[in-house]
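Colleague: Before the terms are used, I should like to hear what stands behind each of them. Please set every value against its definition.

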Amino acid sequence: MSCSMAGEEDFVLEEKRFKQYCEEFIKRSQQIGDGWEWRTSKDLGDGYLSKTHYQVRNRKIPPDLKEKNHDNCEQMLCTHVEESLDDSQAAGVCATEVIHYEYHVLYSSSYRVPVLYFRACFLDGRPLTLDEIWKSVHACYQACLLEGPWDTITQQEHPILGQPFFVLHPCRTNEFISSVLSSSRKHDRHINYITLWLSTVGPVVGLNLPMSYAKLAPEQDTNDDSVESRGEHGLRIA
Amino acid sequence: MTDDKDVLRDVWFGRIPTCFTLYQDEVTEREAEPYYLLLPRISYLTLVTDKVKKHFQKVMRQEEVSEIWFEYEGTPLKWHYPIGLLFDLHASNTALPWSITVHFKNFPEKDLLHCHSKDVIEAHFMACIKEADALKHKSQVINEMQKKDHKQLWMGLQNDKFEQFWAINRKLMEYPPEDSGFRYIPFRIYQATTERPFIQKLFRPIASGGELHTLGDLLKDVCPSAITPEASGARLQTTEPQHICAAEVSVKATRSTNFLSDAGSL
C-alpha cells in the first residue's frame, strides 16, 4: 500500500462520525434487505453494527472407497440458505451442515478505526475454529486477499459482550481508507466509510456486501434524501 | 520514575499464594494431590503453570488430557487477564491461599479464549502494549523500537526479570519535557458484576485548566457508580461488595504500559 502523499491529511474517524456512517449504512441495508442492525449496550450507550446469517454447507461423503479422484471426498460447497441445493448431492451421500455466522463492527477509540469481530457455530452450539471458518472463504479470495492491508486474524474477547470472537486486525486500515476518502472528497463525492471499509475487509472472512450498496447518482434515485452535489453522474457508494 | 523504583519493584514482585486442585470429575489413575504455587500478580495463568500441568498429568491417562483451563468457584478464569486482576476481581475477600480448580476437559468455548501455545500469550501481551502506546504516544515509541526490544519486554515478563523488562519499558513510560504527560492514559476498569468486561475510554492526564487529573477524576468521569453509594443503590445490599479493580491513572508506579496496574483494588 502506498504511503500518504505530502499535503494529504490523514483522515481520522471520530466516534460520532462512525455512528453517523453506521446509521446511514443501516438505512441502506434496510432498503436492500441486507440484514444489518445497530445494537446499543444498556450500560454505557455505546454500540455496534451486527449481522447474523445462516450458511448451508453440503459435505460430500463418498459412496465407497474406490473413489478415483480423492479431491471430491472433502469437497465443501457453500450456498446461501435461499438458494436451492445443487445436483452434486445426487452422487454419493451429502451431509448438510447449517452454520450460524455473526458479524459485529465495533469502533476502536484507541486506533480510531472500525474493527470487525466475527464468530460462527453449528446449530448444536459447537463453535467453528478459525481454520474451519477460513476454509469457507471462497478460494479466489483466499489467494488475492492475503495481499490485503491487514495483519492477522486472532481470537479476542469482545469488548462489550465479553465472549471469544475472532478479530480482523485494524493495523493498516487508515492507510487504504485515507487515500480513497481524500480523493473522493476532492471530487465532491460522498462515500460511506463503513461501506468502503466493509466491502474491502469483509470478503476475507466470508462477509460479502451486495453490489446494491453502490448506487447511481441522486438524479436517478428519487428516494434519496441525503445532500448531494448535483451534476455529478458518477457512481456513489452510499 | 527512578524515585518510584521501590513501588515498581513491589508491584513487579507481588505474589499470590495459590492452591491448585484437580476437578473431581477428571478421571485419574491415582489420587491427585493439590499443588501449591506463588503466582506473580503481573503474569498470566497459562504462562506460569507448566509445573501445575505436569503435576496433574502424571496421574491422568494421556487420552483424558486436552487443553488445560482454570476455574474459581464455578467461574472459568480468563487466562488473558493478569493474575492479580483475576484475584482482585474474584477472590480478594477470601482467605489465602487462593483455591483454583484445574480442568482438562470440557473447555468452555463460550467463555475462554484458547491458549494453544506461549506464542498466543506473547501475541496478546504485545497487543496490549501496542494499544497502550497508541494511546500514550500515537504508537510512535513502540513503532520506533526494534523487534529485539519487543522481544526483550516479553522475555523479561516470561522470565521474571525486572531489570530486563524495565530497560525497555521505561522508554514507554517517558514523554517529551514540553508535554505534561501522555496523550491519553491507558486504563481499564473491571467490574465482576457487569456483562461488559471492562470500561475503557479516552482520558487525558491534564484537565482544561492545566491541573493533573486524579484517579478520583477518572472514576467520576467514566464510572461514577463506583464512588456514589447512593447511585449504586441495591448493590450495597448484596453480600458481595461492588468490586472495582482500577488501573493506573498517574504516570508513576507500575507497568502501566499494559492496561492493568496493580496499584491495588478499590
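Modeller: Contact means heavy atoms within 4.5 Å. By that rule, 20 residues of chain A are in contact with 24 residues of chain B. This is a predicted model, in which local features need pLDDT of at least 70 and side-chain atom pairs count only at pLDDT 80 or more, while totals for chains, interfaces and linings use all residues. Residues are numbered from 1 along each chain as its sequence is written, chains are lettered from A and ligands numbered from 1 in the order in which they are written, and side-chain values use heavy atoms, leaving out hydrogens and water.

Colleague: What makes B:Lys78 and A:Glu157 a salt bridge?

Modeller: A salt bridge requires a side-chain nitrogen of Lys or Arg within 4 Å of a carboxyl oxygen of Asp or Glu. The closest N and O atoms of B:Lys78 and A:Glu157 are 2.5 Å apart, and the pair therefore satisfies the definition. Between chain A and chain B the count is 3 salt bridges.

Colleague: Which strand gives the most to the side of chain A that touches chain B?

Modeller: Strand E6 of chain A (residues 153–157) does, with 3 residues; strands are DSSP runs of E, at least two residues long, numbered from the N terminus.

Colleague: Why is B:Cys19 called buried?

Modeller: Buried means under 20% relative accessible area, computed with a 1.4 Å probe on protein chains only. B:Cys19 has 8% relative accessibility and therefore counts as buried.

Colleague: How do you know that B:Cys223 is buried?

Modeller: Its relative accessibility is 2%, so B:Cys223 also meets that criterion.

Notes:
Helix = DSSP H or I, 4+ residues; strand = E, 2+ residues; numbered from the N terminus. Buried < 20%, exposed > 50% of the residue type's maximum accessible area, 1.4 Å probe, protein only.
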